[in-house]
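Morning, everyone. Please bring the model up on your screens, and I'll walk you through it.

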Amino acid sequence: MVRASLSLISLIIIFPISLVLLLFFLVRPRPTQIPIKNRHVFITGGSSGIGLALAHQAASQGAQVSILARSLTKLEEAKQSIKLATGIDVDIYSADVREFEAVKSAIDEAGPIDILICNQGVFVAHELENSPLQELKFMIDINLMGTFHLIKAALPNMKSRVGRGPGSISLMSSQAGQVGIYGYTAYSASKFGLRGMAEALLQEVIGYDIHVSLIFPPDTDTPGLLEENKSKPEITSIIAASSGSMKANEVAKIALSGIRSGRFFIPCNLEGFALCLATAGMSPQRSVLMALIEVIGAGIMRIASLCFQWSWYVIIEKWHARKR
Ligand SMILES: NC(=O)C1=CN([C@@H]2O[C@H](COP(=O)(O)OP(=O)(O)OC[C@H]3O[C@@H](n4cnc5c(N)ncnc54)[C@H](OP(=O)(O)O)[C@@H]3O)[C@@H](O)[C@H]2O)C=CC1
Ligand SMILES: CCCCCCCCCCCCCCCC(=O)[C@@H](N)CO
């Protein structure tokens, strides 16, 4: 009787306490705060959609903002709209992230960056068979190689910033960068690539007080999505609907607050939060509370993942049956 109650006590009190203590000891890198006010925030793809919303909000939070994209016309429109809304002048740079030299001269001209947000991205949803090679290359080149170009160009200066406080390199992934989705072979590959990049990069730059964040939005109402929807396979839309959709402003707000708290994973909605738990794998986790939820939730999240996969494969089976 005494032994049974002792083991019960150890189960409900000692075990959770030791788990929390263990996680408190383990969790690395340590949590941090990255201020945005009076810092130089450089946002690529800042002339449209999520990037434009990020630029608006960073400017209104007191940052010095630079935006980069290809079309000068769209950049100038963005500059005007931010000036109108916040009274703040943002610097604009026209460059294609596929061209390293162009990226490098824009970044050199912009001056030392505190927070680099690699948000530029293109997405065309097609079955691999219906996707010409150049379309696959387009996504890999802009989403993945473009991000390498940006980081390679910005990092030397970011590393040499002394006494300017913590820096951040934030990458705009997607929920399709956490789980592969029908129609997104190339897009998912480009966004999964960012995750590997981010994990390795954080280890390399943490010693210079530079932190890395990965942002995982669901479908977001932007000019890019409007274009994508014109030729998206039906199954892609049905599966993506599992996570609903958001406004660019909401995504930008959550992204900036995640960047400020130095979070490695930044989910944008409840489904995104669940996806982060389900795909935690060996990614770094800076928060003891999140680590605790991941550990406790691991089994149940695996079951939830299998349920989602089941529902997606049922959709695919039905779709094929209908076609026959
Ligand atoms: N909208 C959505 O549903 C979701 C989007 N995302 C990601 O969020 C990011 C932004 O998407 P969203 O706002 O929808 O996209 P938009 O198409 O609305 O905007 C894309 C931005 O990237 C710029 N850009 C595109 N290609 C290049 C290039 N080669 N060099 C430099 N800049 C470039 C565009 O300007 P220009 O064309 O003038 O170069 C534009 O400013 C992307 O990385 C996307 O993958 C993630 C999840 C969901
Ligand atoms: C175990 C818990 C699971 C939780 C639910 C998972 C739902 C996943 C849905 C993924 C949707 C992907 C949308 C991509 C949006 C995007 O990036 C494009 N619009 C741009 O091409």
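Start with the sheet in this predicted model. Seven strands form it, and it is open. Read across, the order is β3-β2-β1-β4-β5-β6-β9. The pairing is parallel. Which strands sit at the edges? They are β3, residues 91-94, and β9, residues 265-267. Each of these pairs on one side only. Neighbouring strands are turned against each other by 20 degrees on average, ignoring direction.

Now zoom in on one pair. Strand β5 covers residues 167-172, and strand β6 covers residues 210-216. They pair in the parallel sense, over six bridges. Take M172: its bridge partner in β6 is I215.

Next, the helices on the sheet. Helix α2, residues 49-60, packs there. It touches β1 (40-44), β2 (64-69), β4 (115-118) and β5. The direction of α2 makes about 165 degrees with that of β1. Helix α5, residues 133-159, also packs on the sheet. Its contacts are β1, β4, β5 and β6. Against β4, the direction of α5 makes about 180 degrees.

Last stop, the surface. There is a nonpolar patch of about 1,000 Å². Its makers are V2, L6, L8, I9, L11, I12, I13, I14, I17 and L21. Pick out I14. Where does I14 lie? In helix α1, which spans residues 2-26. How does I14 count, then: buried, partly exposed or exposed? Its relative accessibility is 49%, so I14 counts as partly exposed. The cut-off for exposed is over 50%.

That's the tour. Over to you.

How values were computed
Residues are numbered from 1 along each chain as its sequence is written. Chains are lettered from A and ligands numbered from 1 in the order in which they are written. This is a predicted model: local features need pLDDT of at least 70, side-chain atom pairs count only at pLDDT 80 or more; totals for chains, interfaces and linings use all residues. Side-chain values use heavy atoms; hydrogens and water are left out. Two strands pair if DSSP finds at least two bridges between them. Helices (H or I, at least four residues) and strands (E, at least two) are DSSP runs, numbered from the N terminus. Axes are lines fitted to C-alpha atoms, for helices over the stretch in contact, and angles run from 0 to 180 degrees between N-to-C directions. Contact means heavy atoms within 4.5 Å. Patches are made of residues with over 30% relative accessible area and no salt bridge: like charges are joined within 9 Å, nonpolar side chains (Val, Leu, Ile, Met, Phe, Trp, Tyr) within 5 Å. Accessible areas come from the Shrake-Rupley method with a 1.4 Å probe; for residues, only the protein chains shown count as cover. A salt bridge is a side-chain nitrogen of Lys or Arg within 4 Å of a carboxyl oxygen of Asp or Glu. Buried means under 20% relative accessible area, exposed over 50%, partly exposed in between (1.4 Å probe, protein chains only).
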